[in-house]
Every structure is written in structure tokens, then in C-alpha cells.
Amino acid sequence: PTGAKFVEDELFEQELRRAQAEMINENHANALRAFNTLTHTYAHKPLAHLRRAQALERIAELRRSNQLLMDAIESYKRYLAFDESITNIDYRTAGERCIEHMRFLGQTQPAVAIHELLIERYPDEVQLRNQLSLTYLMSNNLIKLQQVSRDTLKRWPRDPLAQLHFGLTLKQVDGDYAQALPYLQRAIDSQAAGTQEPYFYLALGETLQRLGKQAEALQLYERGVMRGYFASVYQRSLYNVPRLRAKPFWQITDTDQAKELKQLQQSWRSIRNEALALLNVEGNFQLEAEQLRDSGNWQQFELFARGQRLHRNCQRAPITCALLEKLPAASGCRRGQIKFSAMQAQTHVWPHCGPTNCRLRAHLTLVAPEPHLTSLRVADQERTWHEGDLFIFDDSFEHEVWHNGTQLRLVLILDLWHPDLTAQQRRELTPI
Ligand code: LMR
Ligand code: MN
């Protein structure tokens with residue numbers, strides 16, 4: 001380097017060392033100032049941006065600050081923009097860290113942009129394509145997940161993660177269980193890194209069940225219990241708080257809402273009338289969209305979701321929503337919903353588990369078909385619907401619905417916070 005360049009490099013090194021020393025001494029405010037100056041003065045030096053990003057992500061973690069994490073992301077992006085001049089290993093690591101933070105903040109589109117940079121730069125790395133898949137999976141974009149994993153399999157037909165992702169979309173998007181099975185099975189049997197997750201065990205188990213392979217499903221669930229993925233063979237929710245009481249059906253008096261629930265129950269006729277009026281207008285109710293239906297027709301009209309009142313829908317069901325406001329354990333339950341659920345005759349809902357053990361699910365029956373032709377199975381116990389009745393079950397246990405009658409079945413479903421959760425847990429648990 002020329003003399004001037006040499007001096008500049010020396011100064012840069014010095015200032016960088018000073019900023020790093022502030023980090024080591026845990027003088028975070030000073031460190032941030034030093035890194036800000038550094039990236040300002042030496043904006044053309046990739047390393048300034050990388051080191052600033054690394055400091056920011058560290059401090060963001062310590063302070064649990066999303067704002068600092070966003071600053072870290074910006075710094076990473078600036079670093080990655082230097083592209084050509086960065087060595088391979090640093091480029092990839094920086095890209096992967098950046099993606100991790102974007103995923104955490106739910107920034108799917110920006111993350112995809114970074115994935116594409118990495119894939120373009122390292123076109124022979126299957127892992128980078130699987131990472132893109134994972135971002136789509138985490139943001140529940142199963143259509144994109146299918147496109148990416150299908151593409152990956154064209155070049156790497158035996159890659160376990162690509163098989164897993166593609167199999168998942170065959171089940172979840174296409175409802176094609178026979179096609180999905182070999183992909184899911186091979187991937188999970190491979191035990192390859194990234195395939196041993198509760199979510200994937202659940203998907204394979206459900207696929208086996210839907211193909212009538214109950215004994216194999218049970219074996220797999222037992223393996224899942226042994227690995228600590230599931231509380232029990234029947235209770236397979238994924239977002240759990242440990243040590244909550246767990247049983248398939250609950251008495252109203254076992255909950256902490258007995259008085260409130262009985263009061264709601266007394267108004268069942270006005271709730272029914274409101275629900276029936278809504279059901280009469282085409283397009284109000286939404287089809288169940290999670291591939292839980294084997295056959296028939298099953299629709300819902302949501303009133304509260306994740307503890308939030310859905311204003312537009314509540315305006316159309318003012319009586320019911322006013323009653324529900326008196327039941328904050330349900331209307332404020334951020335791990336549940338409140339909805340009308342309309343099931344037509346000749347419907348079968350596959351066995352499935354709810355996502356969390358943090359709620360109990362009540363059914364207030366508004367319109368009941370023939371009781372001997374309908375049933376709700378929860379674990380190994382069955383019940384049916386009677387007008388004006390209210391029962392409670394724990395939907396983290398496997399449950400399955402048959403409606404072999406001839407009439408409409410209409411219920412108000414309300415999820416309640418599990419009575420064993422403290423007020424603090426109810427405030428702090430992430431919504432589902
Ligand atoms: C379920 O949670 O799957 C069922 O309770 C839904 C329903 O409408 O019966
Ligand atoms: Mn369910």
C-alpha cells in the first residue's frame with residue numbers, strides 16, 4: 001500500500017481494536033458509539049460493518065432489544081453488499097446470521113433476498129436451499145416451500161431435508177397422504193440433522209393415521225414420547241407449559257370459570273339465533289383450511305383470535321360478543337380462539353391435536369343433530385352434542401369428530417386459559 005493508505009489502515013485497525021475493547025469490558029454504550037464512528041469514517045471497509053453487526057447482535061441479545069437487532073441486520077446488509085471483496089467463509093456466515101435475525105423478527109421477504117444472494121454465490125450447496133425452505137416453513141408459506149423443495153429434489157433427489165419439506169407439502173397442501181408418506185418416512189428414518197423435530201414426527205404420524213396405519217403411527221408417537229417431543233402418545237401439542245394438569249374432558253366446576261360459563265350457557269338461545277342468522281348468509285363462514293377434514297363440510301366464523309376481538313365479525317354478532325366480554329379468561333386467551341363452528345352432516349374430521357396445552361376448549365352446543373350418529377372422541381373417551389349443553393375438553397389431546405347424522409351441528413367454541421396458569425404466564429406467553 002501507499003504511505004497514506006498504510007496510515008489509514010493503521011488508524012482503522014487501532015479504532016477497531018478500541019471498539020472491540022469496549023465490548024470486552026462490557027461498556028456497551030461506548031462500544032456502540034465507537035462502532036458508529038468507525039462505520040461512518042471507514043464506510044468503504046467491509047470489516048467495519050461486519051464487526052459493528054456482530055457487536056450489535058450481541059448487545060441486542062443481552063438487552064433483548066429488537067431495535068438493536070434491526071440495526072445489526074442493517075449492518076450485515078451493508079457488509080454483504082460488498083460481495084466480491086469478501087472471503088467465502090465470512091460471507092456465508094454473515095448471511096446466515098442475518099437470516100437468523102430476520103426470521104426471528106418475522107422479516108420473511110428480506111430473509112428470502114439474503115437466501116437468494118447466498119444460493120447464487122454458492123450454487124452447489126444444498127444446505128443453502130434447505131435453509132430457504134425452512135424460512136418458508138417458518139412463515140407458513142407452504143406453496144413456496146413446495147416450489148423450493150421440489151426444485152431442490154430435482155438435483156438432490158435423496159437429500160433428507162428436501163424430502164422432508166416436499167413430503168410435508170404433499171400432506172399439507174395437496175392432502176395426498178399416499179405420496180407424502182415415503183418422503184416423510186425416509187427423511188425421518190435417515191435421522192439426518194434437522195429432521196428430528198417434534199413437528200415432523202407429528203406430520204409423519206398424522207400421515208400414517210390418515211392412511212389407516214394406526215399401529216405404525218402409535219409406534220412413532222411412542223418414539224416421540226421417549227425423545228421428549230410429546231407429553232404422551234395422545235397429548236401431542238407442541239407449545240407447552242410443563243406440569244399443567246392434563247386430562248381429556250373437564251367438568252365445568254374443575255375450571256376457574258364455573259360461574260361465568262354457567263351464566264353464558266343460560267344465554268345459549270340468543271347466541272344460537274345470532275349464529276343461525278349469520279350462517280344463513282352465504283360467505284360469512286370460512287371453510288376449515290388446515291387439511292383436517294377427511295370428508296364433508298365444516299365451517300367457522302371467528303369472533304376472537306389470540307386474545308383479540310375481531311371487530312368486524314363481532315359487530316355482526318353483538319349479543320354473543322358482549323356476553324363473551326364478561327369472560328376474559330376466554331376472550332383474552334392469547335393461545336386460543338372463540339368461534340362458531342358449523343358442521344354439516346356426513347363430515348369426518350381426522351384425528352389431530354391442538355397446538356398448545358395452555359388452553360381448554362369449551363363447546364356450547366347451539367344446534368345438535370342426532371346424538372347417536374355424532375361423536376367427539378378425545379383420547380379414548382367419547383361424547384356427543386345436546387342443545388344448550390356445555391362441555392369442556394383439552395384439545396392438546398388427540399381428538400376426532402364424526403357427524404354421520406342428517407342435520408346441521410352448530411356450536412360456539414371457546415378456548416379458555418388453562419386454570420393452572422398464573423396471571424403472569426397469561427400475560428407473557430406468546431400468542432398462538
Ligand atoms: C376441534 O377442535 O377440532 C373440534 O372441536 C372442532 C369442532 O367444530 O368440532
Ligand atoms: Mn381441533
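This passage describes a metal site, a ligand shell and a surface patch in a predicted model.

The manganese ion (ligand 2) is coordinated by two histidines, His-352 and His-399. Each contributes its NE2 atom, at 2.2 Å. The two residues come from distant parts of the chain and are 47 residues apart. His-352 belongs to strand β7 (residues 347-352), whereas His-399 belongs to strand β12 (residues 399-403). His-352 has a relative accessible area of 9% and is therefore buried. His-399 is likewise buried, at 4% relative accessibility.

Both histidines also appear in the shell around ligand 1. The other residues of that shell are Trp-298, Ser-341, Arg-361, His-363, Phe-393, Val-401, Arg-409 and Ile-413. Strands β8 (359-367), β12 and β13 (409-417) each supply at least two residues of the shell. Oxygen atoms of ligand 1 take part in several polar contacts. A side-chain N or O atom of Arg-409 lies 2.8 Å from an oxygen atom of the ligand. For His-352, the corresponding distance from a side-chain N or O atom to a ligand 1 oxygen is 3.0 Å. A polar side-chain atom of Trp-298 is found 3.1 Å from an oxygen atom of ligand 1. On its own, ligand 1 has 270 Å² of accessible area, of which the protein covers 98%.

A nonpolar patch lies on the protein surface. Phe-6, Val-7 and Leu-11 make up this patch, which spans about 270 Å². Leu-11 is located in helix α1 (residues 3-24). The relative accessible area of Leu-11 is 39%, so this residue counts as partly exposed.

Notes:
Residues numbered from 1 in each chain as written. Chains lettered and ligands numbered in written order. Predicted model: local features only at pLDDT ≥ 70, side-chain atom pairs only at ≥ 80, totals over all residues. Heavy atoms only, no water. Patch = residues over 30% accessible without salt bridge, like charges linked within 9 Å, V, L, I, M, F, W, Y side chains within 5 Å. Areas by Shrake-Rupley, 256 points an atom, 1.4 Å probe, with all protein chains shown as cover. Salt bridge = Lys/Arg side-chain N within 4 Å of Asp/Glu carboxyl O. Helix = DSSP H or I, 4+ residues; strand = E, 2+ residues; numbered from the N terminus. Buried < 20%, exposed > 50% of the residue type's maximum accessible area, 1.4 Å probe, protein only. Donors = N, O, S within 2.8 Å, 3.2 Å for Na, K, Ca; no water. Near = heavy atom within 4 Å. Polar contact = N/O pair within 3.5 Å; in protein donor to acceptor, adjacent residues only side chain to side chain.
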